[in-house]
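Work through the following exercises with the sequence and the coordinates open, and compare each step with the solution given below the task.

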Amino acid sequence: MKEKEVVQGFSNNVNTRNRYGAVWQIIFQASTIVGIIALIALMLNIINSAFGYIAYEARVDPDTFTVDGVPLEQQSKDQLLTLLQSELSSGAYNKLENEKPFADRSREEVFQLIVERIIRPEIVAVWDLWPSLTQADEIRATVAQEFPTAELDFVSWLTSDFVTRPQTSEPLTAGVRTAILGSLWTIFFTVILAFPVGVGAAIYLEEYASDNWLNRIIQTNINNLAGVPSIVYGILGLALFVRAFEPLTSGEIFGLVDPTTANGRTVLSAGLTLGLLVLPIIIINSQEAIRAVPRSLRNASFGVGATKWQTVWSHVIPNAMPGILTGTILAVSRAIGETAPLVVVGASTAISFDPESPFSKFTTLPIQIYQWTARPQAEFQSLAAAAILVLLVLLLSLNASAVLLRNRFSRRF
Amino acid sequence: MAELTKKNTEKQAPITSLRRKPRWGETIIQSLLFLSGFLSIFITLGIVYELGKEAMLFFQMPDVEMLSIITTTEWKPHINKFGIWPLLTSTLLTSAIAMSIAIPLGMSVAIYLSEYASPKIRNTLKPILEVLAGIPTIVYGYFALTFMTPLLRQIFGNDAVQIYNTASAGLVMGILILPLITSMTEDSLSAVPRALREAAYGMGATKLEVAVQIVVPAALSGIAAAIIVGVSRAIGETMIVAVAAGAGPNFTLNPFIGAETITGHIVRISGGDLSYDSIDYNSIFALGLFLFLITLLLNIISQAVVRRFREVYE
């Protein structure tokens, strides 16, 4: 009798335990689904803002500038320049001339200036993709009622023009070319600094360093540096590159720039700052790649009389290279997405001309996104969404190339 | 064979001592490599020196009193009020909100991936997590401002929730930190040997009991390290709070109103053309040094936890 009770109790208990197990399994699965939903929501939210209806009004009707029956869009550069000169104040015209001589500007650039400065289309209302698809009729009715002179267009904020146009303050003509070039220049200096030093440090730590206190400190220090918030690197860059090395980073000692306007807030400073930021990541990733090269390869090389460096150069580095490159690409994609340190180092808030030398003022893609996001108007949010898509495509292709590289060249020993 | 040996002896090279031959190239290369490694020490020293130097200037300014920094509750540089609390409370508030999302979710996802998911599901989910981890933080900031804030305002009402608020920044920061905690936790869970699980199953344990009572305790040091690293990441996170948490220090614990964090304040102050030797310029170095020391301490603790409490299995 007693025995039966125990068995009874046990089986009841098993049911409860299994129920608990089932409930928690659902909770664990639900958590995973929440994570995926967050990613989907993030993507949809960006796409939602990057397309949709806009209503805009021209402040000045372009038809008034038709000369001899030739509409504005088909006029030659000289005609456009004459128009620009007559419509703008001489001060504004000279300012444009100073920024970049009109002789150097293409017809498209001049046309864009006319649209920007004279016709000045103004966005009066913006709709996201979802309402644009589901409530198109209502949107048309609203526009017809509230903005009778406005034109309604379904636009993709992300266009090929958006990628190739320079930055402007008008949302309709703004582009990210300046920012993309700024990002590329910055990353170039980041890689120049961080790749050789990072790989060198990794080789030292894996191949040369004996287990003494100094090398242990170096290793611990690198692990800690990888966890330092990026904004701290920005502050370091501000003190070190922008201020202490100002003659060097502003290009003053090379005599390449006008010393009265030069300052250290340049592409070079930004690139070096990001270089310090990704250095620990490159070192740690390269160390892992070097560690994966088997001992036997080194011993074989030593066995035929190679020196330490010959072994490292001809056997360790070639075999570790795919891993090192993969790690470097991942570090670079981290650097491309960094915003905070560059704000601190002093990315320019509004520049419309491409960086041309290491000593140019700069803006980068994430900085551009930050500035557009920070503005309250809906059209700038849409611009930010389009710029985010450009950034994500850039990062995704970098990551994909890292994965390809890993799969293509990875060797198993 | 005999011929070969004969040839070799004929061509016998003069015996030299390889050991004593100085190889200058090798030495130079080794020194260069050492310098590369040593540069990281210089970076740390540079951070401590530069931040410390400017922070000292800040503390020595006549308007700045050490005592009032920790006793007063207003941070208004333009009228020389430097109480750290409004910046610190909002930093702690956003981090706490973020961790209250990231720890339970991150651990659940990690347990699911390591204990429940089939290899096929695991191989699809892990890249998704890596994608989440690779998205730049400014994108999360945009997400917080244009998705999370409107969502919160819809749920709690426009009057209760301001456009800029610490809740939306904190929640999105939780999503940002989720993959970090998940991957670190998952690593330490899968490092627990299979034999422990089999033994528990043999005793009649259910899957949940194995996961929660056997595997998680065995991996506790790794999980603790993941949480500490997550906290350090949350405290140093900048762009989400700069975009979504609001401008202007605000001494409050209400998550629905705007309050600037330490990092957000540094970004806003340095966003304009900051003149050197101004009190603002020096104050960001003091705040930066504070951030550096906190995160350094957390990272050291996390490494010590792993070293000290790691269960080593054969």
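**Exercise 1.** Determine how many residues of chain A are in contact with chain B, and which helix of chain A gives the most to that side.

Solution. Taking two residues to be in contact if their C-beta atoms, placed from the backbone, lie within 7 Å, one finds 67 residues of chain A in contact with 68 residues of chain B. Helix 1 of chain A (residues 2-50) gives the most to the side that touches chain B, with 20 residues, where helices (H or I, at least four residues) and strands (E, at least two) are DSSP runs numbered from the N terminus. The residues of this side of chain A divide into 42 nonpolar, 22 polar and three charged, with Ala, Val, Leu, Ile, Met, Phe, Trp, Tyr, Cys and Pro counted as nonpolar, Asp, Glu, Lys and Arg as charged, and the others, Gly among them, as polar.

This is a predicted model, in which local features need pLDDT of at least 70 and side-chain atom pairs count only at pLDDT 80 or more, while totals for chains, interfaces and linings use all residues. Residues are numbered from 1 along each chain as its sequence is written, and chains are lettered from A and ligands numbered from 1 in the order in which they are written. The model scores ipTM 0.87 and pTM 0.86.

**Exercise 2.** Establish the strand order of the sheet in chain A, and explain why strand 2 and strand 3 each have one side without a neighbour.

Solution. Three strands of chain A form an open sheet in the order 2-1-3, with antiparallel pairing; two strands pair if DSSP finds at least two bridges between them. Strand 2 (121-126) and strand 3 (151-156) of chain A stand at the edges with a single partner strand each, and therefore one side of each has no neighbour in the sheet. Strand 1 (residues 51-58) of chain A is joined to strand 3 of chain A by six bridges, and within that pairing Y56(A) has E151(A) as its bridge partner.

**Exercise 3.** Decide whether R233(B) is buried or exposed, and identify what surrounds this residue.

Solution. Begin with the location: R233(B) belongs to helix 10 (residues 220-236) of chain B. A residue is buried if 20 or more other C-beta atoms lie within 10 Å of its own, exposed if 12 or fewer, and partly exposed in between, with C-beta atoms placed from the backbone; R233(B) has 22 within 10 Å and is therefore buried. Leaving aside neighbours within four places in sequence, R233(B) is in contact with I177(B) and L180(B). Finally, R233(B) and L176(B) are 57 residues apart in sequence but 9.6 Å apart in space, C-alpha to C-alpha.
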